[in-house]
There are 2 protein chains.
Amino acid sequence: MNNSKPSIIIADDHPLLLKGLSDFLLEKGYNLLGSGTDGREAYNLITQKKPDIAILDIQMPYMSGIEIAQQCKGANISTKIVLITLHKEKELYQKAKELNIFGYILKEFALEEIENCIKTVKEGSPFFSEKIKEFIGVVQAEVSELDTLTPSEKKILKLIAQDKTNKEIASQLFISYRTVEKHRSNIITKLKIEPKTNSLLIWAKEHHDKLL
Amino acid sequence: MNNSKPSIIIADDHPLLLKGLSDFLLEKGYNLLGSGTDGREAYNLITQKKPDIAILDIQMPYMSGIEIAQQCKGANISTKIVLITLHKEKELYQKAKELNIFGYILKEFALEEIENCIKTVKEGSPFFSEKIKEFIGVVQAEVSELDTLTPSEKKILKLIAQDKTNKEIASQLFISYRTVEKHRSNIITKLKIEPKTNSLLIWAKEHHDKLL
DNA sequence: TATGAAATACGTGTTAACACGTAATTTTGT
DNA sequence: ACAAAATTACGTGTTAACACGTATTTCATA
């Protein structure tokens, strides 16, 4: 029986979540090699125990799930990473392909769906629920629109999202405030933002998570 | 043994959390009368089973933990409500005193702290961790500043937080846009907002959760 | 080297958001 | 009934954010 079940480590800084997941996996007979409560501990478990699958919370002290995935890729570790996320954190999905992240578990998943995920990942296929695929589609459309901006435009958009005025941005970048205005105008046109008072500030704040 | 342990119902729309909490309580020998995955189910459990304590997630489909607390108060139900929250949702703490909410469990709590909470609540005392007390203090300072605003000023501040321009607000409220400007000026003065471009819009968006 | 894109900066004009103020009317509380 | 607060609305002025445009320089690429 244990031969057909993947070995797994898990990590989450929320004790109730960790307990829920841990109990679930044990009850289902998975080979749970260990559990951690922060990113460093999780990474150590992965390197020491070399599990088939690591189920990690994205947001943890010391190292995020993403950072762990990055480190595992860099170290050629074959463990398949599955990330747990409460919210659909937009910027995080963009990294999926780059980092060999095999799947995402939304915290609202029914327990059976979590088992599906594990089985799919064990077979070597990535697991993305329809909801996540759809969401990635939306994010990619928004990101590709952002890709039409020049480097300077992106930089200025970021500063706008940080509540900087044109004068402040100009001063920070050692350019004329008239240049900042020009860039703003170009951004509004490229992103097809409705021409309305404060519309660029509002847009920038609503999309600040994509302006990394 | 069961005589000294309170009867409890729990509800959370996140299966892993619910499982974690449920398993924990059962392991500790609490008298778990039932568990629900949405607000309606939770409320039904409370009215049918009349537990000593109800541990409820704040955000659930159909009824929030807060709404359940409101209904219980209205119906003179003596069950003590404990709310589970992932984030420190500011507006929700304001209602604690009004609604006989006996405590908050942050999702990052260690399991022992959850048990402390339950014991304290069973003895009839409210349970607020130091972290939450401190946070409530900050929120109250901000809220009392908001209390210096007149009803009209508050209404306009809300609309500002909803991205409305002065013209739009004036049109919606059937007043002159010059009146809106005057109100804005008064708000900025009362809330001691730094006089800087877009500062009121920025402030309103950052504090929108308190503008209910 | 030539070309196109990006970056820079200005001209000119309009409007919305702000400041500081006055004042009348209405509402509220005692 | 009276006073204070709230609401309403205007006068006047400044400035920042926007629009639409021109133009030069720099950079990247073929």
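This passage describes the two protein chains, their symmetry, two DNA strands and a cavity in a predicted model.

In this predicted model, local features need pLDDT of at least 70, and side-chain atom pairs count only at pLDDT 80 or more, whereas totals for chains, interfaces and linings use all residues. Residues are numbered from 1 along each chain as its sequence is written, chains are lettered from A and ligands numbered from 1 in the order in which they are written, and side-chain values use heavy atoms, with hydrogens and water left out.

Two copies of a chain are related by a rotation about an axis and a shift along it. Here, chain A superposes on chain B by a rotation of 180° with a shift of 0.2 Å along the axis, at an RMSD of 0.3 Å. This is the relation of a two-fold axis. The superposition is by least squares on the C-alpha atoms of residues with pLDDT of at least 70 in both copies. Both copies use the same surface: 100% of the contact residues of chain A recur in chain B. Contact means heavy atoms within 4.5 Å. The C-alpha of A:Gly20 lies 1.7 Å from the rotation axis, the closest approach among the residues of chain A.

DNA strand C has 22 residues around it; A:Thr150, A:Ser176, A:Arg178, B:Lys167 and B:Arg184 come nearest. A residue counts as near a strand if one of its heavy atoms lies within 4 Å of it. Of the atoms of strand C within 4 Å of the protein, 59% belong to sugar and phosphate. Polar contacts are pairs of N or O atoms within 3.5 Å; within protein, one must be able to donate a hydrogen and the other to accept it, and residues adjacent in sequence count only if both atoms are side-chain atoms. Polar side-chain atoms of A:Thr150 and B:Lys167 lie 2.3 Å and 3.0 Å, respectively, from phosphate oxygens of strand C. A:Thr197 places a polar side-chain atom 3.4 Å from a sugar or linking oxygen of strand C.

Helices are DSSP runs (H or I, at least four residues), as are strands (E, at least two), numbered from the N terminus. At least two residues each of the surface near DNA strand C come from α7 (151-161) and α9 of chain A and from α8 (166-173) and α9 of chain B. The largest share, six residues, is that of α9(B). By class, the surface near strand C has four nonpolar, 11 polar and seven charged residues. Nonpolar covers Ala, Val, Leu, Ile, Met, Phe, Trp, Tyr, Cys and Pro; charged covers Asp, Glu, Lys and Arg; the others, Gly among them, are polar.

DNA strand D is also surrounded by 22 residues, of which A:Lys167, A:Arg184, B:Thr150, B:Ser152 and B:Ser176 come nearest. Sugar or phosphate supplies 57% of the strand D atoms within 4 Å of the protein, and bases supply the rest. A side-chain N or O atom of A:Glu181 is 3.3 Å from a base nitrogen of strand D. Phosphate oxygens of strand D lie 2.8 Å from a side-chain N or O atom of B:Ser152 and 3.4 Å from one of B:His183. Six residues of the surface near strand D come from α9(A), which gives the most. That surface comprises four nonpolar, 11 polar and seven charged residues.
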